[in-house]
Amino acid sequence: MSLMHWLLIALALVVVAALGVLLAVTWIESRQARELEGKKPYTPATANASRTAVVYFSRSGNTALAARHVAQRLDAQLFSLEAPDYQLGLGGLAHALKDANALKEKPGALPDITPRTIDLTPFDTVWLGSPVWLYSPAPPIWAFVEHNRFDGRHVVLFNTFNSHFGDDRIAALQAKVMARGARSFEHRHVLRGRMMRQLTPDEMLRAIDDEWFSPQANP
Ligand SMILES: Cc1cc2nc3c(=O)[nH]c(=O)nc-3n(C[C@H](O)[C@H](O)[C@H](O)COP(=O)(O)O)c2cc1C
C-alpha cells in the first residue's frame, strides 16, 4: 500500500475515534439527565414572597439539581432558562461547542433563550447558574445577563464543571453583570470531576452545602 493509503486509513481512524468519544459523551449526558430529573424536587417559595431568585441554564441536569438545592435552601424562587439549540444529543453538543467557541471572539454572538427577560424587581439577590463550556459560563447565561438589568442587586454566579474554568471568563461576566447595575458579585462553583470518575449527585450536593453554605464558607 502507498503512503497515501496509510495516511487515509490513519485519518479515518482519528475521525472514528473522535466520533466515538462524542457519542460516549452524549450517551453519558443523556443518562445523567434522566437520572437527575426526578431528584430533589423543588417546592415553590413560601407565598411567592421570597427576596431571592435562582435563575439557571442546564443541559444535562447537574446545574439544574444544584439550582433546585440552592433554591430550596434559600426558600428562593426558581427560574429555568431553555436554549433549544443545545438539546441533548450530538447536534446539541456540536452547537454548544461551536457557540461557546464563537463567544470568545464575538461577545455579541448570543443564543436564543426562553424566557429572555425576568422581572427581577421583587428580588434583592439573584443567583445565576450555568455549566462551564470551554472554560467559560455557557452562552445562555451571557444572553440572560445581556437582556436583563440587576440594578442594586447582589448577584451570585454559580457553576458546575468537570475540571477547569478560566478566571478571565468569570471576571468578564462579572464586569457585564456590574455594568448592568448589580451592587455586588460573588462566584461559587462545584467541581464534579472528569467523566467516569465524577461526584455522585449526593456528593455534589454535600460539596455545595460544605463549600457554599457552611459557617466557615460564610464567616
Ligand atoms: C460543550 C461543553 C463544553 C464543556 N467544557 C468544559 C470546560 O471547559 N471545563 C469543564 O470543567 N467542564 C466542561 N464541560 C463539562 C460541564 O461543565 C459539566 O459537565 C457541567 O456540570 C454540566 O452541567 P449541566 O449538567 O447542568 O449541563 C463542558 C461540557 C460541554 C457540554
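**Group meeting talk: ligand shell, sheet and a few odd backbone spots**

Okay, let's start with the ligand: by class, the shell around it has 12 nonpolar, nine polar and two charged residues. For the classes, Ala, Val, Leu, Ile, Met, Phe, Trp, Tyr, Cys and Pro go in as nonpolar, Asp, Glu, Lys and Arg as charged, and the others, Gly among them, as polar.

Quick housekeeping. This is a predicted model, so local features need pLDDT of at least 70 and side-chain atom pairs count only at pLDDT 80 or more, while totals for chains, interfaces and linings use all residues. Residues are numbered from 1 along each chain as its sequence is written.

Back to the ligand. It has 23 residues around it, and the closest are Ser58, Ser60, Asn62, Thr63 and Pro131. Being near here means that the C-beta atom, placed from the backbone, lies within 6 Å of the molecule. Which elements supply at least two residues each? Those are helix 2 (62-74), helix 3 (90-105), strand 3 (125-133) and strand 5. Helix 3 has the largest share, with four residues. Helices (H or I, at least four residues) and strands (E, at least two) are DSSP runs, numbered from the N terminus.

Now the strands. Strand 1 (residues 52-57) and strand 2 run parallel and are joined by five bridges; we say two strands pair if DSSP finds at least two bridges between them. Tyr56, for one, has Ser80 in strand 2 as its bridge partner. From strand 1 the chain crosses through helix 2 to strand 2, and this β-α-β crossover is right-handed. Right-handed means that, with the strands pointing away from the viewer, the path from the first strand over the helix to the second runs clockwise.

There's another unit like that further along. Strand 5 (residues 154-161) and strand 6 (residues 184-191) are parallel too, with eight bridges, and His154 is partnered with Ser184 in strand 6. Together with helix 5 (residues 167-179), these two strands make a right-handed β-α-β unit.

What about the core? The largest nonpolar one has 44 residues, and Val54, Val55 and Trp127 touch the most other members. Helix 2 gives the most to this core, six residues. By nonpolar core I mean a set of buried Ala, Val, Leu, Ile, Met, Phe, Trp, Tyr and Cys residues joined through C-beta atoms within 7 Å. Leaving out residues up to four places away in sequence, Trp127 touches Thr52, Ala53, Val54, Val55, Val70, Val156 and Phe158. A contact is C-beta atoms, placed from the backbone, within 7 Å.

Then the backbone oddities. Most residues other than glycine have a negative phi, and most peptide bonds are trans. Asp75, not a glycine, has a positive phi of about 50° and sits in the loop between helix 2 and strand 2 (77-81). Leu134 has a positive phi too, about 45°, in the loop between strand 3 and strand 4 (136-137).

Are these two buried or exposed? Asp75 is partly exposed because it has 14 C-beta neighbours inside 10 Å, and Leu134 is partly exposed with 17. The scale is buried at 20 or more other C-beta atoms within 10 Å, exposed at 12 or fewer, and partly exposed in between, with C-beta atoms placed from the backbone.

Last oddity: the peptide bond from Thr114 to Pro115 is cis, omega near -5°, and Pro115 is in the loop between helix 3 and strand 3. That's it from me, over to you.

Methods: Contact = placed C-beta atoms within 7 Å.
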